[in-house]
Amino acid sequence: MEINPNLLREDGLLTTKLVHLALPVRWTLVGQEGRNAPEVACTYDIHPHGARLLSSRDLNIGDLVMVERGRNKAVCQVIWSADPGSPLRGQFTVQCVEGRTPWDEELRQMEEQYQPIFLDELERRTPSGAVSRPDANRRRRPRFYVEGQAEVIDGVQRAAGEVQQISECGARLAAIEQLRPGTDFRLMLNVFDVSLALKAQVKYLVDNIGMGVEFQQIRRGDRPLLSYVLSKLKTKRVEEFVRLEATNGAISAAV
């Protein structure tokens, strides 16, 4: 299902505030409120337009549900559902289509949080157990071809683009406006209708049409979503990592 273009603007899904927070809610299929008992679900994350939820009952993309939290309720539409065979089974994302989201108050009181991409020493070790250079380890991470949307946010400046390749550690982007190597920025991605937020740094430029970026931090709660995206891209792996020329000198691809 395509994301509503109106939600990709400055106040949209790619750039909106999103908070990883578990809140109990109830939901019922619209039109069946009096025939079935409400189902219990829990939010994984919330944002001004909707939320990602976990429930024991399967839902289909396009389903309309009434979501309730206390006295607050809203009609929402399912816009994404995880593959049943994946670790994210049972999760689905809803977009509010009528009424205010039932978690507006909690959202106002909280801020987005980010955490480092790698949290333990095992990520920096070779198979033999010897500690290796982090950049060398990152070059061995599998990279995958992908088609998705990107939003590059550098201070108050925003630029739309596309993500062409992605790995656990970084991505290759095609953006209308390029940033200089060494620039730190905020990156919003949407792949398979999954939205991710990261803090990244430009490592090299590609013929003035692309940027190789390295992920520094990922929004709290988005790490399983990144793993989910990568698992769906395994058949499109980029086998060879080529050395690229950056505009300010030769820099080997680190992502």
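Q: Why is Asp-193 called buried?
A: In this predicted model, Asp-193 has a relative accessible area of 18%. Buried means under 20%, so Asp-193 makes the cut. You'll find Asp-193 in the loop between E12 and E13, and its phi is near 65°, a positive value in a residue other than glycine.

Q: What makes Phe-192 partly exposed?
A: Phe-192 has a relative accessible area of 36%. The label covers what lies between under 20% (buried) and over 50% (exposed), so 36% lands in partly exposed. Phe-192 is in the loop between strand E12 (184–191) and strand E13 (194–206), with a positive phi of about 55° although it isn't a glycine.

Q: How do you know that the charged end of Lys-232 sits over the ring of Phe-192?
A: The distance from the ring centre is 5.3 Å. The rule asks for within 6 Å, plus a position within 35 degrees of the ring normal. The distance fits, and the pair is listed as a charge over a ring. Lys-199 gets a similar description: it lies over the face of Tyr-114, at 4.7 Å from the ring centre.

Q: Why is the pair of Trp-27 and Phe-92 called edge-to-face?
A: First, the count: two aromatic pairs come out by the ring rule. In this one the ring centres are 6.3 Å apart and the planes sit at 75°. Pairing needs centres within 6.5 Å, and edge-to-face needs planes over 60 degrees apart, so both tests are passed.

Q: What makes Trp-27 and Phe-92 a tie between parts apart in sequence?
A: Trp-27 belongs to strand E2 (residues 24–29) and Phe-92 to strand E7 (residues 91–98), so the pair joins parts that are 65 residues apart in sequence. Trp-27 and Phe-92 are both buried.

Q: Why do Trp-80 and Tyr-228 count as edge-to-face?
A: Their ring centres are 5.6 Å apart, with planes at 90°. Set against within 6.5 Å for the centres and over 60 degrees for the planes, the pair is edge-to-face. Distant parts of the chain are linked here: Trp-80 is in strand E6 (residues 72–81) and Tyr-228 in helix H3 (residues 223–232), 148 residues apart.

Q: How do you know that Trp-80 counts as buried?
A: Trp-80 has 5% relative accessibility, and the limit is under 20%, so buried it is. Tyr-228 has 4% and is buried too.

How values were computed
Residues numbered from 1 in each chain as written. Predicted model: local features only at pLDDT ≥ 70, side-chain atom pairs only at ≥ 80, totals over all residues. Heavy atoms only, no water. Phe/Tyr/Trp six-rings, centres within 6.5 Å; stacked < 30°, edge-to-face > 60°. Helix = DSSP H or I, 4+ residues; strand = E, 2+ residues; numbered from the N terminus. Buried < 20%, exposed > 50% of the residue type's maximum accessible area, 1.4 Å probe, protein only.
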